[in-house]
Amino acid sequence: MTELTKETPISQFCRAWAESFAHVLAHLGVVSPAVIASEPSPAKALSSEELETTVSVEFAGGGALNGQQIWVADKSTAAQLAQLLLSEATNPAAEFSGTYREAFIELLRQVASHAATMWAKTIGGEAGITFQASSDAVFVPSQSCAVQVSGEKIADLTLRFFVNAALGDSLASLSSEPSMEASKNLPDSALPDNVEILMDVELEATIRFGKREMLLRDIFGLVPGAVVELNQMVNDPAELLVAGRLVARGEVVVVDGNFGLRVSEAVSKRQRAQLIQV
C-alpha cells in the first residue's frame, strides 16, 4: 500500500480514495487494477455543458471529516464501471440507463466505505464518508484531481474527484495529528509518574465492526430482518475503543463461546496514557 504520511493532507486523501478504488475493482474480478490520482489543483465549478454529459455522485464527511466531495465521470466511463459491478462485459457504447446509474453509485459507495476506513487508520481517529442522495446546497469545488483507472477488463478510464473548501480545511487541520502507525514509534517516557496507582481503574471497552450515519426516518423504520450496511469491508480489522478512544485494531476471534479481539496493531503507551484524562 502506498505510504500516506509523506504527502499533503489533500494528496493523502485523494490517494486513499484511489487505493480504495483499486481494492474494490480487484474484488470485482479486475486483474491487477491500477488507479492513479494526479496531484490536486485549484478547481472551478462544472459548466452547464459538462453537467449534461457527466454523472456526479456526492459524499459528505463525518467524524473528523467535515465538508463535501464529489466524483464526476462521463456517462461512458460511469456505464463501464457499472457494468463491472453488474458482472457484465464492458461496453463503452452502451446507453447510460437508470440501472447503470444506481450501479455506479453503489460502486462508489463501496469505494467510500473502504476509503473512510483507510483514512481513519491514517489519522488514528474517527472518519466517515456517506453518500448524499440529494442536497439543496450548491457544491462549490475548491480542489480537484484526475483519477485514471485501468485493468484487464477495462480500458483507461478517467474520473475527476472534487472537494470543497470546508473539506480541504478539515483535512489540513488533521495534518498534525499522529496516525496509529506513527504512534508506535513514540517514546513511552512521557507516562505519568503516578500511573501505577490508577492501574485498577475500570474503563469501558468496545469492539467496533464499523459504523454508518442514518436518517432518523430510517432508524424509526427498522424492523426485525432489516439489514444495516456498515462502512467496513468484511476483511478489514475491527477496532478496540476504550472510553470512546481508538487504542487498537485486530482480528475478531471466538474464545470459550465469546467474541474476542486478537490485537494486530496498537497505539503507543504514551497515547494510551491519555485515557487517564477521560
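**Ser-11 in helix H1 and Met-214 in a loop**

Ser-11 is buried, with a relative accessible area of 5%. That value lies under the 20% cut-off, so the residue counts as buried. The model is predicted. Ser-11 belongs to helix H1, which runs over residues 9–27. Beyond its neighbours within four places in sequence, Ser-11 is in contact with Glu-39 and Pro-40.

The burial of Ser-11 is set in a helix that is itself mostly covered. Of the 19 residues of H1, 15 are buried. The length of H1 was checked against its residue count. At 1.5 Å a residue, a span of 27 Å is expected for its 19 residues. The end C-alpha atoms of H1 lie 27 Å apart, so the two values agree. Just after H1 comes Gly-29, with a positive phi of about 95°.

A second site is Met-214. This residue sits in the loop between strand S8 (205–208) and helix H7 (216–220). Its relative accessibility is 31%, so Met-214 counts as partly exposed. The value falls between the 20% and 50% cut-offs, and therefore Met-214 is neither buried nor exposed.

With residues up to four places away in sequence set aside, Met-214 touches Ile-219, Leu-222 and Val-228. Of these, Ile-219 falls within the residue range of H7. Met-214 was also compared with Thr-130. The two residues are 84 apart in sequence. In space, their C-alpha atoms are separated by 9.4 Å.

Conventions:
Residues numbered from 1 in each chain as written. Predicted model: local features only at pLDDT ≥ 70, side-chain atom pairs only at ≥ 80, totals over all residues. Heavy atoms only, no water. Helix = DSSP H or I, 4+ residues; strand = E, 2+ residues; numbered from the N terminus. Buried < 20%, exposed > 50% of the residue type's maximum accessible area, 1.4 Å probe, protein only. Contact = heavy atoms within 4.5 Å. Expected span 1.5 Å × (residues − 1).
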